[in-house]
Amino acid sequence: PLRNGTGSPNKLLEALACGAAVVATPWVALAVGIDVDTATDAGSFAKAIERLLADENLRQERADVGRAGVRARTPEVVRDALERLLKDAVAGASDQ
């Protein structure tokens, strides 16, 4: 597991974008801001992975959540949200 480092955990984001169900440390999951399964030690990682491998529906559900989370953060989505926010702010300022 990735235990330290700086910046965005790109490997996790790439795995999620590819539709993989992942298990990450709580710190990495928090940094990414996408709901993923978490574990803190080798035993809990193994159990989380075994659970995903044993349950195809759960694995697909977690993969879908991860992929949707990545799609919600693409540069285009962020740009469009910022553009709407700025337009609303300008419109609000002109109403006053």
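This report covers one helix, the nonpolar cores and the salt bridges of a predicted model.

## Helix H3

Helix H3 runs over residues 42–54. Its 13 residues reach 18 Å from the first C-alpha to the last. That is close to the 18 Å expected at 1.5 Å a residue. At the start of H3, Asp41 makes a link to the backbone. One of its side-chain oxygens comes to within 3.1 Å of the backbone nitrogen of Gly43.

Phe45, Ala48 and Leu52 are the buried residues of H3. Seen down the helix axis, they fall within an arc of 70°, so they line one face of H3. An α-helix has 3.6 residues a turn, so residues three or four places apart point the same way. The face turned away from the buried side carries exposed residues: Ala42, Lys47, Glu50, Leu53 and Ala54. The cover over the buried residues of H3 includes strand E1 (23–24), strand E2 (37–38) and helix H4 (56–71).

## Nonpolar cores

The largest nonpolar core has 10 residues. Its members are Leu12, Leu16, Val22, Ala24, Val28, Ala29, Val32, Ile34, Val36 and Val70. Helix H1 (10–17) and helix H2 (26–32) each supply at least two of them. H2 gives the largest share, 3 residues. Another core lies apart from this one. It has 6 residues, among them Val23, Phe45, Ala48 and Leu52. Phe45, Ala48 and Leu52 are also the buried residues of H3.

Val36 belongs to the largest core. Not counting residues up to four places away in sequence, Val36 touches Leu16, Val22, Ala24, Ala29 and Arg62.

## Arg62 and Val65 in helix H4

Arg62 is found in helix H4. Its relative accessible area is 11%, under the 20% limit, so Arg62 counts as buried. Leaving aside neighbours within four places in sequence, Arg62 is in contact with Ala21, Asp35, Val36, Asp37 and Leu52. The side chains of Arg62 and Asp37 are joined by a polar contact of 3.5 Å. Arg62 and Val23 are 39 residues apart along the chain, yet their C-alpha atoms are separated by 9.9 Å.

Val65 also has its place in helix H4. At 32% relative accessibility, Val65 is partly exposed. Val65 touches Ile34 and Asp35, not counting residues up to four places away in sequence. Val65 and Leu86 are 21 residues apart in sequence. In space, their C-alpha atoms are 29 Å apart.

## Salt bridges

The model has 5 salt bridges. One joins Asp35 to Arg62, with the closest N and O atoms 3.4 Å apart. Asp35 lies in the loop between H2 and E2 and Arg62 in helix H4, so the pair ties together parts that are 27 residues apart in sequence. Another joins Arg51 to Asp37, where the closest N and O atoms are 3.4 Å apart. Arg51 lies in helix H3 and Asp37 in strand E2, so this pair ties together parts that are 14 residues apart in sequence. Arg51 is partly exposed, with a relative accessible area of 42%. Asp37 is buried, at 12% relative accessibility.

A further salt bridge sits within helix H5 (residues 75–95). Here the side chains of Lys87 and Glu83 meet at 3.4 Å, N to O. The two residues are 4 apart, about one turn of the helix. Lys87 is exposed at 54% relative accessibility. Glu83 is partly exposed at 40%. Through shared partners, salt bridges join Asp35, Asp37, Arg51 and Arg62 into one network.

Conventions
Residues numbered from 1 in each chain as written. Predicted model: local features only at pLDDT ≥ 70, side-chain atom pairs only at ≥ 80, totals over all residues. Heavy atoms only, no water. Expected span 1.5 Å × (residues − 1). Buried < 20%, exposed > 50% of the residue type's maximum accessible area, 1.4 Å probe, protein only. Arc of directions from axis to C-beta. Contact = heavy atoms within 4.5 Å. Polar contact = N/O pair within 3.5 Å; in protein donor to acceptor, adjacent residues only side chain to side chain. Core = buried A, V, L, I, M, F, W, Y, C linked by side-chain atoms within 4.5 Å. Salt bridge = Lys/Arg side-chain N within 4 Å of Asp/Glu carboxyl O.
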